[in-house]
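Open your viewer and get ready to click along. We will go from one selection to the next.

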Protein chains: 2
Amino acid sequence: MQDLINMLRDHKIQPTAQRLEVARCALASEDHPTADEVLAMALSRCPTISRATVYNTLNLLAEKGLLVRRTLREGVTVFDPRLEAHHHLIDTETGEIHDIPWDSVVVGDIAEHPEFEVLDYEIVLRGRRK
Amino acid sequence: MQDLINMLRDHKIQPTAQRLEVARCALASEDHPTADEVLAMALSRCPTISRATVYNTLNLLAEKGLLVRRTLREGVTVFDPRLEAHHHLIDTETGEIHDIPWDSVVVGDIAEHPEFEVLDYEIVLRGRRK
DNA sequence: TTCCCGTTTTAGACTTAGTCTAAACTCCAT
DNA sequence: ATGGAGTTTAGACTAAGTCTAAAACGGGAA
């Protein structure tokens, strides 16, 4: 709890009850929740929290680098609490997102692009449960 | 024109004026249009075409393998007329999507996943104009 | 050719994800 | 205590997408 407060302070985010609850839900998540999923979780402990606050807080946490916004599901943004580089595997049947450790794929040289400076990259795998 | 008709027939899609127009716009596109972008293009030649028809037709073309649906832009689905395997580079400033030839990146072995059979994959690069 | 019936198209209602706004609430510093 | 900056809130609004029910189309049988 105190750790969470400090984590927000360290990132220049003024801690409030609502922000702590959103951070708790999103950062502790084992998967890749959408904003509305975080809202649903947060409501159980913080029954008056509003959708706008959850959206604002997630955007704030992402902007401050505590979460990563990802485009991995059609039509929705998901938030990823895992900050270390990793890849993703999408279950083609369900859309579920699974983390793949960075080292389990070896990417060789990426040819220099004539017009772009590449800042980062990831592999998106798609697969089916065996 | 006749080629387009045959292409649809070959894929068991009954050609109609609207479908031909949607196919023309989407398949000839040099980029990765959204459904609403295709609608805007189609309207100039086919002024009464409806949004529902464009959405239905794009979904049909994707289902029949003439287009690929991709999740590369936040909140929207884009359609990709390039069927050969390739990667994508996203301009972090604008969100623009650029194709990257398959061979310009060498991906080594992908570790066998214990629970999933990997069907395909691609690299998503993010970068900034130099 | 005409008619029929399955297929397609259409407008518009509906849903879902997300942003925006303006008012209300907090809470710290005076 | 009070004033103001920063937060939260409900609800309006927008954009992407699906659904529905009715109208229009079109190709084959007669």
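Here is a short tour of one helix and one DNA strand. This is a predicted model, in which local features need pLDDT of at least 70 and side-chain atom pairs count only at pLDDT 80 or more, while totals for chains, interfaces and linings use all residues. Residues are numbered from 1 along each chain as its sequence is written, chains are lettered from A and ligands numbered from 1 in the order in which they are written, and side-chain values use heavy atoms, leaving out hydrogens and water.

**First stop: α4(B).** Select residues 51-63 of chain B, a helix of 13 residues (helices are DSSP runs of H or I, at least four residues; strands are runs of E, at least two; both are numbered from the N terminus). Now pick out its buried residues (under 20% relative accessible area, 1.4 Å probe, protein chains only): V54(B), T57(B), L58(B), L60(B), L61(B) and A62(B). Show α1, α2, α3 and β2 of chain B as well, since they are among what covers these residues (contact means heavy atoms within 4.5 Å). After the helix, click G65(B), whose phi is positive, near 85 degrees.

**Second stop: DNA strand C.** Select the 17 residues around the strand (near means a heavy atom within 4 Å). R51(A), T77(A), T16(B), Q18(B) and T48(B) come nearest. Which element gives the largest share of this surface? That is α4(A), with four residues.

**Last stop: the phosphates.** Zoom in on R19(B), where a polar side-chain atom lies 3.1 Å from a phosphate oxygen of DNA strand C. At S50(B), a polar backbone atom is 3.0 Å from a phosphate oxygen of that strand.

Methods. The expected span of a helix is 1.5 Å times one less than its number of residues. Buried means under 20% relative accessible area, exposed over 50%, partly exposed in between (1.4 Å probe, protein chains only). A polar contact is a pair of N or O atoms within 3.5 Å; within protein, one must be able to donate a hydrogen and the other to accept it, and residues adjacent in sequence count only if both atoms are side-chain atoms.
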